[in-house]
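Hi everyone, thanks for coming. Please bring up the sequence and the model on your screens, and I'll walk you through them.

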Amino acid sequence: MSIPTPPGAGEPRVTPSAHQGPKQAPGWQVYLALTGIALLYMCFAVKKAALGIDFTDEGLYVAAPLRLRMGETLFSSEIMTLLCPFEFISQVFFHIFSSPTLYQLRLCGWAIHTGVYLAFFLVLFRECRSLLIAFLSSSISFFVSFAWPSTIATPSYKSLSTDFLLLFLCLFFASHRWRSIPALSLRLFAGLSLLVAVICYPSLVVLIPLTLAYDIREFYRASGAPMREKLSLAGTSITIFSAGLLLFGYLCLSGAAAHWLARINLVHNSSLTAFKAGVGYFYGHLFYTLFSQIVSFKHYSSFSLLLVGFILVVKQSLLRSWKPALLAIFQVYSLYTFASQSNGRSDIENFFLPTAFCLVTVNSIIVYLLMEIRLSRPINFPALFCVSISLVACLIYCASTYFFDYYYCWNSGLLGLPFTFSFIFSTHIFEFCQGRKLRLVLAGAALLVSSYVAFRYNYYGVRRDSEVEKLTVDFKIPPLRGIRSTPDRVDSIEALYGYLKPQMAKSESLLAYDNCPMLYFILEAKPTYGLVWAVRYTKSVETLQELDLEFKSKPLPRFAIRTMIDVSANDWKTAPATSYDNYPLNKSILANYELVKTIYPFEVWRLKSN
């Protein structure tokens, strides 16, 4: 496939191959499809956003920006987000809604996710010219990359970083690939999107010099073009550095930078441990799966993905060369890995489907890069750059996210991969199916079944709550209105709210521990501890002691809430009891507070009168 060079590159433009057709503006059918896809995704979101409540991760996602909304300076108190200050972005939603409900915040997250994937769908359609292939390819990524346990709908460091990373890839690719669209505007928004992704997940800062290197290459290739056009080619990097300087100035003037430097020593850095435990196993499992899993064709997901693999094998073999056929073997093995990993797993908590998705896509990157190098056609540099960025982002997510289990680590890598998977599959499949209705029907059917499997996985994967069929009772308290959970969980939370809320003023300080940051949001209380997600694991003894001293140096809150069990468990009836041995914070509570109420699984403690 011949690829046009970027504007002003000083090289003759190459006409796209005949099968692809001209890159004309989308017609009314595309806009109708966009509207239908948006309605489909948002209808799903309305249903999905009402399911379950997560006291831990999601509690952090809503309590951290709540601190800023209540007047705290960024980095002045909280240490958990020193390395991923997503609350700087997500606090916007707390300004849009004066008192947002959890359901509203989840819908906001779904709206961002849907908007990004509509842009993604347009990118795929412009490349493969097939509404069906573009829709199904993007749908698999839409549901798998946003499925439990990878992320949840509430705006967070994961969801915001991966959505804005994908938006950056879409805008950057379009600005360098299509002449019919104002390139400078796309590059400006691409730069802002990457900056937002880096703010929410600072490890992605590695992508900025890579983007700069690409822009410098384009700048020097356009040696004979006017300076204005050359600067336009570097618009993404110029935007990133300009906006980055403004952000740095704000952090210094507001005192946030000084707070960060003063508190960064309290953070336990586990990236090296994650790299050893997660990424190494991640790559080892690429080959381990070949000998450890057996595919059963009674599962439609296995059959459909292997059917796509067969199509790709035939497509590559038609090039009449042993090299493409050899590369096709890698592609089929990727699909085999996906099928075997997602096959026969009835327990959603094993989360094998997202993990397998990550494996498939990494192998697909290897195949794509080798194919681009092998073919004698002009290299599609924008696509090559975006695919490479996806691979780098995958490694960053795997290596810098430590979840105490290697499955969590390498599962998190899929956050950087949706562009790669859908771009490669949609373009390759359509190239093979062009002009052959039977091939198009087979590929479409395979992708349809695969996207359904991803959809079903997403819907039935509820984060840290019971199965969907057990979520039968609606919350009536304002912060959780619109959310459904189990009867016992609803009764406990509403009883706690009914007892404590009338005794507290809005934005009053509160302490909630362990593993229950969601309580700050529910009670509209201001976190007073330096760790909004109060927890001990990964924290050194020195850090816990320092946080306790910091807590006691301030006016103590009137109330403290202590959990009796691990509330992160799916079923509170069988959850293990929480041990508070050798915990400096708990010793301070026992010395200064008295137990006044027990509402399983919570204890309410009140500050002693003396």
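Let's begin with a term: pLDDT is the predictor's confidence in each residue, on a scale from 0 to 100. We need it because this is a predicted model. The mean pLDDT of this protein is 78, and 74% of its residues reach 70 or more. Which elements sit at the two ends of that scale? Strand 5 has the highest mean pLDDT, 95, and helix 12, residues 271-292, has the lowest, 45. Please also take care with residues 1-24, where the pLDDT is below 50. That stretch still has 59 contacts in the model beyond near neighbours in sequence. Another such stretch is residues 342-350, where pLDDT stays under 50 and the model has 16 contacts beyond four places in sequence.

Now the overall picture. The protein has 610 residues, and 59% of them count as buried. Its secondary structure comes to 23 helices and seven strands. If you take contacts between residues at least 6 apart in sequence, 74% of them join residues at least 24 apart. The exposed surface is about 24300 Å², with carbon and sulfur atoms supplying 65% of it.

Let's turn to the sheet. In what order do its strands lie? This is an open sheet of five strands, ordered 4-3-5-7-6, and its pairing is mixed. Strand 4 and strand 6, residues 593-599, are the edge strands, each pairing on one side only. Helix 20, residues 487-500, packs on this sheet and touches strand 5, strand 6 and strand 7; the direction of helix 20 makes about 135° with that of strand 6.

Strand 3, residues 509-513, is a good place to zoom in. Four of its five residues are buried. Strand 3 pairs with strand 4, residues 526-527, in the parallel sense over two bridges, and Ser509 has Lys526 as its bridge partner there. Between these two strands the chain passes through helix 21, residues 518-523, making a right-handed β-α-β crossover. Strand 3 also runs parallel to strand 5, residues 559-563, and three bridges join them. Across that pairing, Leu511 stands opposite Ala560, and Tyr513 stands opposite Arg562.

Stay with Tyr513 for a moment, please, as we come to some local geometry. Most residues other than glycine have a negative phi, and most peptide bonds are trans. Where does this model depart from that? Tyr513 and Asp514 are joined by a cis peptide bond, with omega about -15°. Asp514 lies in the loop between strand 3 and helix 21, and so does Asn515, a residue with a positive phi of about 65°. Is Asn515 buried or exposed? Its relative accessibility is 10%, so Asn515 counts as buried.

There is another cis peptide bond between Tyr600 and Pro601, with omega about 5°; Pro601 lies in the loop between strand 6 and strand 7. Phe75 has a positive phi too, about 75°, and is found in the loop between helix 2 and helix 3.

One last stop: Tyr41, in helix 1, residues 28-48. Tyr41 is buried, with a relative accessible area of 1%. What does Tyr41 touch, leaving out residues up to four places away in sequence? The contacts are Thr114, Tyr117, Phe135, Ser138, Ser139, Phe142 and Phe143. His113 is 72 residues from Tyr41 along the chain, and their C-alpha atoms are separated by 9.3 Å.

That's the tour, and thanks for listening!

How values were computed. Residues numbered from 1 in each chain as written. Predicted model: local features only at pLDDT ≥ 70, side-chain atom pairs only at ≥ 80, totals over all residues. Heavy atoms only, no water. Buried < 20%, exposed > 50% of the residue type's maximum accessible area, 1.4 Å probe, protein only. Pairing = 2+ DSSP bridges. Right-handed = clockwise from strand over helix to strand, strands pointing away. Contact = heavy atoms within 4.5 Å. Axes fitted to C-alpha atoms, helices over the stretch in contact; angles between N-to-C directions. Areas by Shrake-Rupley, 256 points an atom, 1.4 Å probe, with all protein chains shown as cover.
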